[in-house]
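Colleague: I should like to go through the assignments in this model and hear the grounds for each.

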Amino acid sequence: MSGEGHKDWVSSMKFHPKGLHIVTGSGDSTVKVWDFVNTTCTFTFKDHIQPVWSIDLNETGDYIATGSMDHSCRLLDINVGKCRSTFRGHVDSVNSVCFQPFSNTLATASADKTVSIWDLRSG
């Protein structure tokens, strides 16, 4: 793989369900989508203002959920390359994110010692 790499540590990674991409989150506050076929970084999301601790992809691979030290979780649309929603409510770092398969539900776990369940349609 080559291309514009992360400028800080890589905290998490997930394979895209179709197997042609990998998604990474980093201490440089970015999320990158890497293309195996062309061996390049195809897109960089720069929506967080502090390190990204955790990422997850939904079952179709259309959306990336991110958890960050900036106390937020973001829903990134991989097809259009933009943030669709920002979920706020934690008072400390969001350390883990996880989609419930085949639903509109997302779970986040935080350093504030709470777990939150989010409805992606209503926020």
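The exchange below takes up the cysteines and then one sheet.

Modeller: This is a predicted model, in which local features need pLDDT of at least 70, side-chain atom pairs count only at pLDDT 80 or more, and totals for chains, interfaces and linings use all residues. Residues are numbered from 1 along each chain as its sequence is written, and side-chain values use heavy atoms, with hydrogens and water left out.

Colleague: Why is cysteine 41 not bonded to cysteine 83?

Modeller: A disulfide is a pair of cysteine sulfur atoms within 2.5 Å. The closest cysteine sulfur to that of cysteine 41 belongs to cysteine 83 and lies 17 Å away, which is too far for a bond. For cysteine 73, which is in no disulfide, the nearest cysteine sulfur is again that of cysteine 83, at 9.1 Å. By this rule the count is 0 disulfides.

Colleague: What makes cysteine 41 count as buried?

Modeller: Buried means under 20% relative accessible area, exposed over 50%, and partly exposed in between (1.4 Å probe, protein chains only). Cysteine 41 has 19% relative accessibility and therefore counts as buried. Cysteine 73, at 1%, also counts as buried.

Colleague: Why are strand 9 and strand 11 called edge strands?

Modeller: Strands are DSSP runs (E, at least two residues), numbered from the N terminus, and two of them pair if DSSP finds at least two bridges between them. The open sheet has 3 strands in the order 9-10-11, with antiparallel pairing. Strand 9 (94-99) and strand 11 (115-119) each pair on one side only.

Colleague: How do you know that strand 10 pairs with strand 11?

Modeller: Strand 10 (residues 105-110) is joined to strand 11 by 5 bridges, and the definition asks for at least two. Leucine 106 stands opposite tryptophan 118 in strand 11.

Notes
Helix = DSSP H or I, 4+ residues; strand = E, 2+ residues; numbered from the N terminus.
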